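Trainee: I should be grateful for a close look at a single part of this structure, the second largest pocket. Please set it in the context of the whole chain and then describe its lining.

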Amino acid sequence: MALKIKPTLLTKITMGTFLLFLILNGAYYLLLGLNIQFLKAESGIYLANAGKAPAEGIAFIIPIMKNGYNGHFAPLTFLAEFWQSQLFGTHETYWFWRQMIVVSLFMTCISFFSISLAMLESDHEKPTIPTSLAGISIAVIFGFQPIVTTLVSWPFMAIQLFCLSLAILSFLYLIKFSNSNSRTHLWLALVLAYSTMHVFGTGLAISVSVLFTATILIALRWYVAGEEKSVLRQSLTPVFVLLAFTIIHTVLMVRSVGGTPPSESVSIGVSIARYGAIFIELLHTSLRSIWAQGGILNPEMRGMGADSCYGWGLIFILSVTMFSLMHSYLKTPSEKALSRITITMLPTLTLIIIVGMITYRIRTEPSNNVLIGYINTDRYLIFSSFCGLVFIAGLYLISKVKLSASSAAAFLTAAIVCVCGNAVFMHKVPYIIWPEKLISHTDYWNGILNSVKDDTDYQSANWNQSMKTVTDFDITPLTFQQLIENDLEDRGQKRP
């Protein structure tokens, strides 16, 4: 007899939500005329090598898979990106819909996280209409902001969005574990957290924060129950297993950095000051950039000392809050108290570790201006925005505030405003602060093809013109020679 699996209402809502987001994102960005920057930085390098002969392509990707790249050890992710570069080539439409799928998946995970948390607090076993609308609206509020839109426009940043999709699912299952004490939930949380390391290097912060928080939850439960130490060791088995994998993976990440160890580093005092400044500025700038108007100035590094004091002050407040929550649980144990500990600890530890990774990375840079590239750049701000989302939305959704029709309407109104605000932002602001994002990579690539199609002199200006405007790297059409010839041949314009 065939096994029949009937999907739950939440599963149906999640699947429907993904289709809704896919249609919404596709229509929205088509109307906005979003340019997909398939030639930018790593995306362009992968394309250039994907267009080469098979042997040359393999010679490019195998060392990256074996040794990692710039502190990221994610061989399967890099292989997938390379394979997609071979498959999609310079067809912007293909890249566009790949990006729509990834960002829709990311938003669906946020929606699933929000609805599931709301169900934990309520007496309903199934999601209600207000709960579903609120969860979908939270995903829209976070998904339709300039930080996310700019990441969507760059294909290589799909890696970050996928990493955060796994992270929010990991956080959700650990929160569920705090309520259920189910080993299934614990294993899911730990495995999902570790899998983020196979997608992006920052996954280390996510994996460590989940491991540490899981250990705290297990230890608190054990202490309150007054059980034998053997029970504690048995309960911690999943943590020990994933900790071993995390340590091995971290060693491989460190090895991928390579190079000669730096001979000089800034003083410990400077690193401490930088740490505090980065911590507060990441949060401040990410909140300011969510729906901010254009013309934002870069942070002023002469005020780093004051910023550092605020940063360390916030870390102290968060630390006291976490210890206070644990103390409250020991006095009055409850699943609700464990959930509050989990939701507070996960994003806090994640951000603390990310800031530590950044501080360590810039330890050899003498100028404090190096901080600007980290605290004013979308691919770093998305992580602090994400931590803020988990902290604020998580604590709200498990609070005693009932998600009624009126509160769902408020969330929906905010979502609509965010969609409109982001459209206005992307229509007006890039002309001021991101002029390079207005360049159509398809038109630019066609211009390159037209300029070199009849030029057989590889020393000419056509073949050696700088492409830095769109690639960010100082490379020329010679880097894309085989890809250019392939594209011209596909168009029936084979070079002489």
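Mentor: The accessible surface of the chain comes to about 23100 Å², and carbon and sulfur atoms hold 65% of that area. The model is a predicted one, and what follows should be read as a description of that model. Of the 496 residues, 53% are buried. The chain is built from 22 helices and 0 strands. Its radius of gyration is 24 Å, close to the 23 Å that the globule rule gives for 496 residues, so the chain is as compact as a globular protein of that length. The C-alpha trace spans about 80 × 60 × 55 Å along its principal axes. Among contacts with a separation of 6 or more, 79% join residues that stand 24 or more positions apart.

Within this helical chain, the second largest pocket holds about 560 Å³ of space. Its lining consists of 24 residues, and those nearest the centre are Leu287, Ser385, Gly388, Leu389 and Ile392. Two or more lining residues come from each of α6 (129-143), α13 (268-290), α14 (304-331), α15 (335-361) and α17 (378-397). Of these elements, α17 gives the most, with 9 residues. As to chemical character, the lining divides into 19 nonpolar residues, 5 polar residues and no charged ones.

Some individual residues may be considered alongside the pocket. His249 has its place in helix α12, residues 237-257. The relative accessible area of His249 is 2%, and a residue under 20% counts as buried, so His249 is buried. Leaving aside residues up to four places away in sequence, His249 touches Phe73, Tyr194, Met197 and His198.

Two further residues deserve attention for their backbone angles. Ala41 has a phi near 45 degrees, a positive value in a residue other than glycine. Ala41 lies in helix α2, which covers residues 41-50, and Ala41 is buried, with a relative accessible area of 5%. Asn181 likewise has a positive phi, of about 60 degrees, although it is not a glycine. Asn181 is placed in the loop between α8 (158-180) and α9 (183-195). With a relative accessibility of 44%, Asn181 counts as partly exposed, because that class lies between the 20% limit for buried and the 50% limit for exposed residues.

To return to the part requested, the second largest pocket has a lining with 19 nonpolar residues and no charged ones, to which α17 makes the largest contribution.

Terms used: Residues are numbered from 1 along each chain as its sequence is written. This is a predicted model: local features need pLDDT of at least 70, side-chain atom pairs count only at pLDDT 80 or more; totals for chains, interfaces and linings use all residues. Side-chain values use heavy atoms; hydrogens and water are left out. On a 1 Å grid over the protein atoms alone, a cavity is a set of points where a 1.4 Å probe fits but cannot get out, and a pocket is an open set with protein on both sides within 12 Å along at least five of seven lines; lining residues have an atom within 4 Å of a point. Grid points are joined across faces, edges and corners, and a volume is the space filled by probe spheres set on the points. Helices (H or I, at least four residues) and strands (E, at least two) are DSSP runs, numbered from the N terminus. Ala, Val, Leu, Ile, Met, Phe, Trp, Tyr, Cys and Pro count as nonpolar, Asp, Glu, Lys and Arg as charged, and the others, Gly among them, as polar. The radius of gyration is taken over C-alpha atoms; the globule rule is 2.2 Å times the number of residues to the power 0.38. Buried means under 20% relative accessible area, exposed over 50%, partly exposed in between (1.4 Å probe, protein chains only). Contact means heavy atoms within 4.5 Å. Accessible areas come from the Shrake-Rupley method with a 1.4 Å probe; for residues, only the protein chains shown count as cover.
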